[in-house]
Amino acid sequence: MQRSETAPKRWWLLVALGFFAFMTNLDGSIVNIAVPIMAKDLKVPASQMEWTVSLYLIVLSALLLPFGKLGDRIGKQRIFKWGTGTFVLGSLMAGINLGFNFLMLARMIQALGGAMTLANTYGIVTSTFALAERGRAMGVVSTFVALGGVAGPSLGGLILAHFSWPMIFLINVPIGLIALGVSLWSMNNGIPQRGTYDGWGMILQATAIASGFWGLNLAQQSGFDDPVVLSTLALAVVALIVFEQRQQAPLLPLRIFRVRIFTLGVVTVFFIFMVQFFSTVLMPFYLEDARGLTPGTAGTLLSLYPLMMVFFAPFGGWLADKWNVPAVALLGSIFIAVGSLIGATLKLNAPLTIYIISTLLVGIGSGLFQSPIGDVVMSVVPKNQLGIAGSFNALARNLGMVSGTAVATTVLFGTMSQLAGSRVTNYPTAHPEFFISGLQVAMIVAAVLAILGAIAIGLTIKPWQAHEKN
């Protein structure tokens, strides 16, 4: 009944899903290129201004599973529409310059709305599109998701070339209202399902994710020996242990991880999205601060990444139809690893062609990776677990973004601090060579993570062949 009601408008529904998948992921990265400008305007250190990136991703990640489960209970479409309105409100608030603390509040509201939409996007696609169309629909949404995750710096740079920084948030408002109108017209409210809701599980997993990653962010300011940092990380560990031991009506049924292909697939998603955010976080500093380029010029160069993804994502889907699906994702992972290694050779006065080659390879690899990894993760779980599989896939992706931001900045500032002999929390204007050393070390770490992702997806090739035969 649900599918017949939405079928005539299903492609319009996909437009709304794609728009919000793009915008909610975009807002995880668009702030990066504005960090130097916002830090000066709001008079806070650059490392503290990075909290506007991390806080958004932390809240988003912490709430994905709860809202995915809630969507099963009261209707995925209903939660999605509530989320769109909440996200637009948060964007409007973020575009009103009332200081750093108000901006942080607005980013939390944006993340709340983003979690409500992203947690239910894949479930809505699965329940709306027939099997013959589902692959194409998933590919479209996955492309919007990936594009939003990496297009932030390039789009942000182009906006900052003509407007002040609040516009990077205000641009969401008219686009979001249009997408909200399309979703209200094309979607019903979904069909609620019977069952209990694991409220304590929701609190425990949200606490584990939020406190864990917030502790990593605080460590950049205070160090890992700070009592507050240690307490926050300890709280995360305790919450995670208690969460995993819950047996009745669990928020995340652990039996889903018995499916080897699914488990290795989400591990790969986690590593690859970590690597993508190394470039997303670090390259704006390299182009703007180290090379002295304007935000507009930097944004143009950063746009090479999402442009390659837009072009190669459909090709990756076509290649997956003709070839072994995880093998295509493996190929993409290898491209990303090679591009990251080339990025590790960047120097202060290196030819920009080195940056361009590195960015092209990472963008091509990311495009090839997106479509097949969605098939790998969503095609091997039982039908009654598609919703939780989609939510966990989104969680793995966003945990990768949060981890990528945290690890990239920790390695960068840690290396610079070691070279300077004191804690460094801003770009070292007097010693740009410190930044270059930190960038090189961070990109080597990114390459190692990409190789780990390639190993994980490579281990699924033979099991996938057996899965296709069955």
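The exercises below work through the helices, core, ring pairs, one cavity and two single residues of a predicted model.

Residues are numbered from 1 along each chain as its sequence is written, and side-chain values use heavy atoms, with hydrogens and water left out. In this predicted model, local features need pLDDT of at least 70 and side-chain atom pairs count only at pLDDT 80 or more, while totals for chains, interfaces and linings use all residues.

**Exercise 1. Overall make-up**

State how many helices and strands the chain has, and what share of its residues is buried.

Solution. Start with the elements, which are DSSP runs numbered from the N terminus: helices are H or I with at least four residues, strands are E with at least two. The chain has 20 helices and 0 strands. Next, take burial, where buried means under 20% relative accessible area, exposed over 50% and partly exposed in between (1.4 Å probe, protein chains only). Of the 470 residues, 61% count as buried. Last, take contacts, meaning heavy atoms within 4.5 Å. Among those between residues at least 6 apart in sequence, 84% join residues at least 24 apart.

**Exercise 2. The largest nonpolar core**

Find which residues have the most contacts inside the largest nonpolar core.

Solution. A nonpolar core is a set of buried Ala, Val, Leu, Ile, Met, Phe, Trp, Tyr and Cys residues joined through side-chain atoms within 4.5 Å. The largest one has 141 residues, and Phe262, Leu282, Tyr286 and Phe435 have the most contacts inside it. Helix α13 gives the largest share of this core, 18 residues. Now follow Tyr286: leaving aside neighbours within four places in sequence, its contacts include Leu346, Leu348, Phe435 and Leu439.

**Exercise 3. A ring pair**

Describe the geometry of the pair formed by Phe257 and Phe392, and locate both residues.

Solution. Rings of Phe, Tyr and Trp (its six-membered ring) pair if their centres lie within 6.5 Å; planes under 30 degrees apart count as stacked, over 60 as edge-to-face and the rest as tilted. By this rule there are 8 aromatic pairs. Phe257 and Phe392 are edge-to-face, at 5.0 Å centre to centre with 75 degrees between the planes. Phe257 sits in the loop between α12 (227-244) and α13, and Phe392 in helix α18, 135 residues apart. Phe257 is partly exposed at 27% relative accessibility, whereas Phe392 is buried at 15%. Ring pairs also bring in Phe262, giving a cluster of Phe257, Phe262 and Phe392.

**Exercise 4. The second largest cavity**

Determine which element gives the largest share of the lining of the second largest cavity.

Solution. On a 1 Å grid over the protein atoms alone, a cavity is a set of points where a 1.4 Å probe fits but cannot get out, and lining residues have an atom within 4 Å of a point. The second largest cavity is lined by 10 residues, and Tyr122, Gln370, Ile373, Asn393 and Arg397 lie nearest its centre. Two or more lining residues come from each of α8 (131-160), α13 (260-290), α17 (352-378) and α18 (386-420). The largest share, 3 residues, comes from α17.

**Exercise 5. Two single residues**

Decide whether Lys43 and Thr117 are buried or exposed.

Solution. Lys43 lies in the loop between α3 (35-42) and α4 (46-49). Its phi is positive, about 60 degrees, although Lys43 is not a glycine. Most residues other than glycine have a negative phi. Lys43 is exposed, with a relative accessible area of 73%. Thr117, in helix α7 (residues 100-128), is buried at 1% relative accessibility. Not counting residues up to four places away in sequence, Thr117 touches Phe20, Thr24, Phe80, Gly83 and Thr84.

Methods: On a 1 Å grid over the protein atoms alone, a cavity is a set of points where a 1.4 Å probe fits but cannot get out, and a pocket is an open set with protein on both sides within 12 Å along at least five of seven lines; lining residues have an atom within 4 Å of a point.
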